[in-house]
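Here is a brief report on one chain. It starts with a helix, then turns to the whole fold and an internal cavity.

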Amino acid sequence: MSLLKWSTPERRAGDRDLRIIPNEIYLAIFKYLVPASGPLNLEDESTLFKLSLVCRFFRDLFLPRLFACIEFYDHKLDGLQRKRASSRGFNLCERIAALEPLALSLALCVKVGHFERCDSGDTDFGNYSWVYVSGMAHMRNIRELQFTSCNFVNNELWDVIATLELLEKLRFDDCYFEGGPADLEPDKMFKVKVLWLKASRCFGVRHLVAAIDACHLRTLDIDFNFGHEVDWLSGTTLTELTELSISSYHPMDDVLQIKHILHVTSQSLQVLTLDLVLSSDLDCWPVLFEDPAWRNLPLLRSFILYVAAWPGCSFIEFVRLICNVVRVHKGLQSLTIKRLSTYAPESSMSKDNFQDTVQELLDYLPGLTFVEIDVRDAPLMDGKWIRSYT
């Protein structure tokens with residue numbers, strides 16, 4: 001529902017007043033014109049804009065939908081839809097800065113903000129970055145913020161993000177942090193309180209680590225760089241953790257980091273996701289799977305593995321290893337192993353033998369209610385083999 005004041009359209013035929021159509025009828029009709037939620041395409045945006053010009057009722061109903069997601073892109077990015085979206089976001093922030101009443105009302109309708117390739121060193125963006133930051137300060141109902149390939153994540157932006165009390169999800173991909181609050185500036189003791197945080201391929205991560213209030217986090221999606229910097233995991237009650245770091249280059253270092261993270265978060269974790277690159281041997285995995293930190297996950301319900309393997313590494317042996325080590329988790333209900341590489345299972349094993357071997361391993365895990373093993377051309381989906389490999 002709009003935060004603006006609705007006015008029901010009057011209906012008249014000549015001098016004769018017609019019965020007013022209830023607002024609920026309009027809403028039932030409009031849902032067939034544009035989706036009630038989710039992303040909008042160019043046609044949807046055009047439809048919403050045209051309808052908003054019909055009357056005040058339509059304006060108050062459709063403009064909030066049009067501004068529910070605000071996007072800010074580098075002006076040099078291709079695509080008409082991106083240029084329109086970025087222009088719409090900038091115009092809204094500019095009008096918010098001018099304290100226009102309609103813009104201030106629309107600011108409260110923004111639920112999602114997405115910044116992509118916003119560079120403070122870029123003359124065009126840098127000169128107007130204050131417009132975006134000041135505009136965001138009025139978007140007090142934002143639930144989700146995403147930054148992709150941005151390097152203007154600085155103190156001023158953190159000052160605003162920390163005031164968004166309804167913010168739930170915060171995501172950074174390929175970003176550079178220029179500054180941060182809290183321990184880097186002792187006179188600023190505020191922290192960003194979110195339930196869901198993702199940080200991957202970022203630089204200056206210590207600023208991000210300093211900005212987060214660990215007590216509120218429930219879902220954390222990180223890479224090796226973040227895991228190396230973070231020092232507040234013991235103060236969290238994480239229920240879901242994703243680690244995107246275990247590579248074939250320094251597998252032992254990555255495994256030791258995972259072991260440390262499990263040591264300090266194990267009592268609350270319910271969902272654990274690891275992204276692995278297998279080397280030609282599995283010597284490093286006993287370090288993790290035989291450690292008390294792995295065995296002491298009392299609430300673990302779901303274990304998800306994304307696996308890329310080098311040639312010569314036996315994938316079925318890895319599946320066997322995983323099926324054996326998860327037996328210690330009696331409450332485990334879901335197991336997913338997705339293979340990311342294009343290598344097929346070893347040619348010496350026939351289709352039937354591969355499937356029989358996997359099925360035999362799963363027979364020792366009777367508590368599982370969902371199993372997915374996504375091998376190229378031979379996926380096991382929710383307990384059923386979809387097709388066979390050649």
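## Helix H3 and its surroundings

In this predicted model, the buried residues of H3 are Phe 57, Phe 58, Asp 60, Leu 61, Phe 62, Leu 63, Pro 64, Arg 65 and Leu 66. Helix H3 spans residues 56-66, and nine of its 11 residues are buried, so it is largely enclosed by the rest of the structure. The buried set includes Asp 60 and Arg 65.

The chain as a whole has 390 residues, of which 48% count as buried. It holds 15 helices and 15 strands. Among contacts between residues at least 6 apart in sequence, 66% join residues at least 24 apart. The exposed area is about 19500 Å², with 52% supplied by carbon and sulfur atoms.

Confidence varies along the chain. The average pLDDT is 78, and 76% of the residues score at least 70. The two extremes among the elements are these:

| Element | Residues | Mean pLDDT |
|---|---|---|
| Helix H6 (lowest) | 123-126 | 52 |
| Strand E6 (highest) | 169-173 | 95 |

What lines the largest cavity? The residues are Phe 72, Gly 113, Phe 115, Tyr 132, Met 136, Met 139, Ile 142 and Leu 145. Strand E4 (112-116) and helix H7 (129-136) each supply at least two of them. By class, seven lining residues are nonpolar, one is polar and none is charged. The cavity holds about 30 Å³ of space. The count of cavities of 30 Å³ or more comes to one.

Notes: Residues numbered from 1 in each chain as written. Predicted model: local features only at pLDDT ≥ 70, side-chain atom pairs only at ≥ 80, totals over all residues. Heavy atoms only, no water. pLDDT = per-residue confidence, 0-100. Helix = DSSP H or I, 4+ residues; strand = E, 2+ residues; numbered from the N terminus. Buried < 20%, exposed > 50% of the residue type's maximum accessible area, 1.4 Å probe, protein only. Contact = heavy atoms within 4.5 Å. Areas by Shrake-Rupley, 256 points an atom, 1.4 Å probe, with all protein chains shown as cover. 1 Å grid on protein atoms, 1.4 Å probe; cavity = no way out; pocket = protein on both sides within 12 Å on 5 of 7 lines; lining within 4 Å. Points joined across faces, edges and corners; volume = space filled by probe spheres on them. Nonpolar A, V, L, I, M, F, W, Y, C, P; charged D, E, K, R; others polar.
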